[in-house]
Amino acid sequence: RKYDITHFKPYDVITGSGILIFFGDLEAFLNAVKLKPGGRFIFTLYKSKENNIEICENIHFAHSIDYVQNTAHKNGLDPELIADIIHEFYYGKPQPEFIVVLKAD
């Protein structure tokens, strides 16, 4: 715990591709992210269309865009960009995902 990103000084940019798919509730994680004012947190998520949080067929979490936007705002982060992407394939099928850019107030 001593060396994770929550114990260092604020960052200008934090990136994470394919990391937050292992977390269901993102509230505590987004609350712990330390960014300088105007800093960005850029990451990818599996996309859920029906629920705020759900488990995918591949045993990873998916999140709705509304959930991400609301959770970001609660933690002082402004959703600057949320865009659909195909980040990977699962048994040959493209997985609906999105890239998120959150800006610190």
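Let's start with Y91. Y91 sits in the loop between strand 5 and strand 6. Its phi is near 50°, a positive value in a residue other than glycine. Is Y91 buried or exposed? With a relative accessibility of 73%, Y91 counts as exposed. The cut-off for exposed is over 50%.

Keep in mind that this is a predicted model. The mean pLDDT of the protein is 91. Of its residues, 93% reach 70 or more. Among the elements, helix 2, residues 65-74, has the highest mean pLDDT, at 97. Helix 1, residues 27-32, has the lowest, at 90. A general caution goes with that: where pLDDT is low, the predicted coordinates should not be read in detail.

Now the overall layout. The protein has 2 helices and 6 strands. Along the sequence, the order is β-α-β-β-β-α-β-β. The radius of gyration is 14 Å, and the globule rule gives 13 Å for 105 residues, so the protein is as compact as a globular protein of that length. Along the principal axes, the C-alpha atoms fill a box of roughly 40 × 25 × 20 Å.

Next, inside and outside. Buried residues make up 35% of the 105 residues. The protein exposes about 6,400 Å², and carbon and sulfur atoms supply 55% of that. On charge, there are 11 positive and 14 negative side chains. The centres of those two sets lie 8 Å apart. As for contacts, take those between residues at least 6 apart in sequence. Of these, 58% join residues at least 24 apart.

Back to single residues. I59 also has a positive phi, near 65°, and is a residue other than glycine. I59 lies in the loop between strand 3, residues 53-55, and strand 4, residues 61-63. At 67% relative accessibility, I59 counts as exposed.

Let's turn to the buried ones. Q95 belongs to strand 6, residues 93-104. Why does Q95 count as buried? Because its relative accessibility is 11%, and buried means under 20%. Which residues does Q95 touch, leaving out those up to four places away in sequence? They are Y46, N58, I85, I86, H87, E88, F89 and Y90.

I21 comes next. You'll find I21 in the loop between strand 1, residues 11-16, and helix 1. I21 is buried, with a relative accessible area of 6%. Setting aside residues up to four places away in sequence, I21 touches T44, L45, Y46, H60 and F61. Y46 is a name we have already met, among the residues that Q95 touches. Now look at I21 and I55. They are 34 residues apart along the chain, and their C-alpha atoms are separated by 9.4 Å.

Last residue: N75. Where is N75 placed? In the loop between helix 2 and strand 5, residues 77-90. N75 is buried as well, with a relative accessible area of 15%. Again leaving out residues up to four places away in sequence, N75 touches E27, L30 and N31. Helix 1 covers residues 27-32. Finally, compare the positions of N75 and Q95. They are 20 residues apart in sequence, and 28 Å apart in space, C-alpha to C-alpha.

To recap the loops: Y91 is exposed, and I59 is exposed. I21 is buried, and N75 is buried.

Notes: Residues numbered from 1 in each chain as written. Predicted model: local features only at pLDDT ≥ 70, side-chain atom pairs only at ≥ 80, totals over all residues. Heavy atoms only, no water. Helix = DSSP H or I, 4+ residues; strand = E, 2+ residues; numbered from the N terminus. Rg over C-alpha atoms; globule rule 2.2 N^0.38 Å. Buried < 20%, exposed > 50% of the residue type's maximum accessible area, 1.4 Å probe, protein only. Contact = heavy atoms within 4.5 Å. Areas by Shrake-Rupley, 256 points an atom, 1.4 Å probe, with all protein chains shown as cover. Lys, Arg positive; Asp, Glu negative; His and termini not counted. Charge placed at Lys NZ, Arg CZ, Asp CG, Glu CD. pLDDT = per-residue confidence, 0-100.
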